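I opened this notebook to keep a record of what I looked up in one protein structure. The entries go from the whole chain to single places in it.

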Amino acid sequence: MFLRDEVAINYLAGAILLTFPCLGIAWETWGVIWEVLMLLSVFLVGRRRGLSIAIVLLLAGYLAAFVGFRSEALNQMSLVPIAGLLCVLGWLRHWPVRVNFFWSVTFAAALGVLPTLLFQVQGFDATTVSNMINMTIQQYQASGLMVVIEQQGISEMQFRDLLQQLIQFYSLIIPSFVAIVTSLEFGLVFYFVRRWLYDDKGRIPFTRWSLPWYAVWGAVLGIAFYLLGDQFAWPILRGLGINLMVVYGALALVLGTSVYLFLLQSPRIPRVLKFTLILTSFVYFFFSVVSIIMFGLFDLVFNFRRLPEEL
């Protein structure tokens with residue numbers, strides 16, 4: 001007796017949830033591909049076999065990894081697939097797509113950032129920073145760029161101070177980059193699964209992508225945290241504000257691009273004006289990027305495209 005393709009895929013998805021946490025640690029293969037496969041499995045099992053079964057299989061897989069590997073599990077394993085359970089719950093309760101995606105991707109980003117918090121507390125030690133600076137200086141000297149920099153009136157000591165500031169800033173915004181990568185990863189899987197499970201009903205054109213209006217409060221909090229942290233010299237609050245602003249900058253750029261393309265497709269805008277907008281975007285690229293980001297943020301509140309709330 002042969003299994004139908006759908007049944008075989010369901011069993012394979014369940015097996016992935018049970019075994020991949022242990023296999024990922026044992027084979028040292030945890031990464032983006034591993035998380036994508038586990039997210040796909042959570043979505044498939046949750047939609048086809050029920051949310052409770054998905055929870056049991058996923059938690060059993062994680063528990064087995066913690067029991068078998070203990071500290072290694074904490075260092076290598078990612079908890080991002082757990083966010084898929086919230087997304088499945090939203091599907092089962094018929095949440096609007098924008099609401100389901102916002103809360104699910106926020107949960108996924110938070111789970112992805114968790115492992116970086118320990119590093120944020122410790123930061124780069126002095127030896128590591130010194131080695132990174134020395135390596136960069138040697139590369140610049142070997143390529144002749146150091147001579148060019150010194151001709152601009154910047155001494156080697158000043159350049160070392162600049163590198164140290166850049167390294168400190170880089171270590172500060174690592175969580176925001178992790179959150180952006182995790183959100184992109186989750187969003188791609190979310191879009192693929194909706195197209196797979198819902199056929200044409202799961203496809204939402206890019207020009208109609210949006211988030212619930214209250215998503216803008218994340219950007220407001222980011223600005224408020226940064227200002228308060230800078231005013232009262234609270235580095236943790238300031239760092240949280242900077243990371244939130246970086247994440248919302250990337251998010252607003254995507255939403256703003258969606259609004260921009262929607263306007264370009266509108267028949268009510270003259271072709272001459274459309275051509276002027278496109279030409280201006282290339283000539284004044286930086287200004288255009290900033291404008292698109294602002295469009296994306298304000299669209300959350302004013303809904304320029306008049307999209308229905310149930311979307």
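The entries below record what I looked up, beginning with the overall fold.

**Entry 1: the model and its fold.** I note at the outset that this is a predicted model. I looked up the secondary structure and found 14 helices and 0 strands. Reading along the sequence, I wrote down the pattern α-α-α-α-α-α-α-α-α-α-α-α-α-α.

**Entry 2: extent and burial.** I then turned to the dimensions. Along the principal axes, the C-alpha atoms fill a box of roughly 80 × 60 × 40 Å. The protein has 311 residues, and 37% of them count as buried. I also looked up the contacts with a separation of 6 or more, and 71% of these are accounted for by residues 24 or more positions apart.

**Entry 3: surface and charge.** For the accessible surface of the protein I recorded about 18,700 Å². Carbon and sulfur atoms hold 69% of that surface. I next considered the charges, of which 19 are positive and 16 are negative. The mean positions of the two sets are 15 Å apart.

**Entry 4: the second largest pocket.** What volume does the second largest pocket have? I recorded about 250 Å³. The pocket is lined by 15 residues, and those closest to its centre are Glu35, Ser78, Gly112, Pro115 and Val178. I then asked which elements give two or more residues to this lining. They are α2 (32–49), α4 (71–76), α6 (97–122) and α10 (174–198). The largest share, 4 residues, comes from α10.

**Entry 5: serine 130.** I located serine 130 in helix α7, which covers residues 126–143. Is serine 130 buried, partly exposed or exposed? Its relative accessible area is 34%. Buried requires under 20% and exposed requires over 50%, so serine 130 counts as partly exposed. I also looked up its distance to leucine 228: the two are 98 residues apart in sequence, and their C-alpha atoms are 31 Å apart in space.

**Entry 6: leucine 221.** My last residue, leucine 221, lies in helix α11, residues 216–232. I recorded a relative accessibility of 41% for leucine 221, which therefore counts as partly exposed. From leucine 221 to arginine 70 there are 151 residues in sequence. In space, the C-alpha atoms of leucine 221 and arginine 70 are 36 Å apart.

Methods
Residues are numbered from 1 along each chain as its sequence is written. This is a predicted model: local features need pLDDT of at least 70, side-chain atom pairs count only at pLDDT 80 or more; totals for chains, interfaces and linings use all residues. Side-chain values use heavy atoms; hydrogens and water are left out. Buried means under 20% relative accessible area, exposed over 50%, partly exposed in between (1.4 Å probe, protein chains only). Contact means heavy atoms within 4.5 Å. Accessible areas come from the Shrake-Rupley method with a 1.4 Å probe; for residues, only the protein chains shown count as cover. Lys and Arg count as positive and Asp and Glu as negative; His and the chain ends are not counted. The place of a charge is taken as NZ of Lys, CZ of Arg, CG of Asp or CD of Glu. On a 1 Å grid over the protein atoms alone, a cavity is a set of points where a 1.4 Å probe fits but cannot get out, and a pocket is an open set with protein on both sides within 12 Å along at least five of seven lines; lining residues have an atom within 4 Å of a point. Grid points are joined across faces, edges and corners, and a volume is the space filled by probe spheres set on the points.
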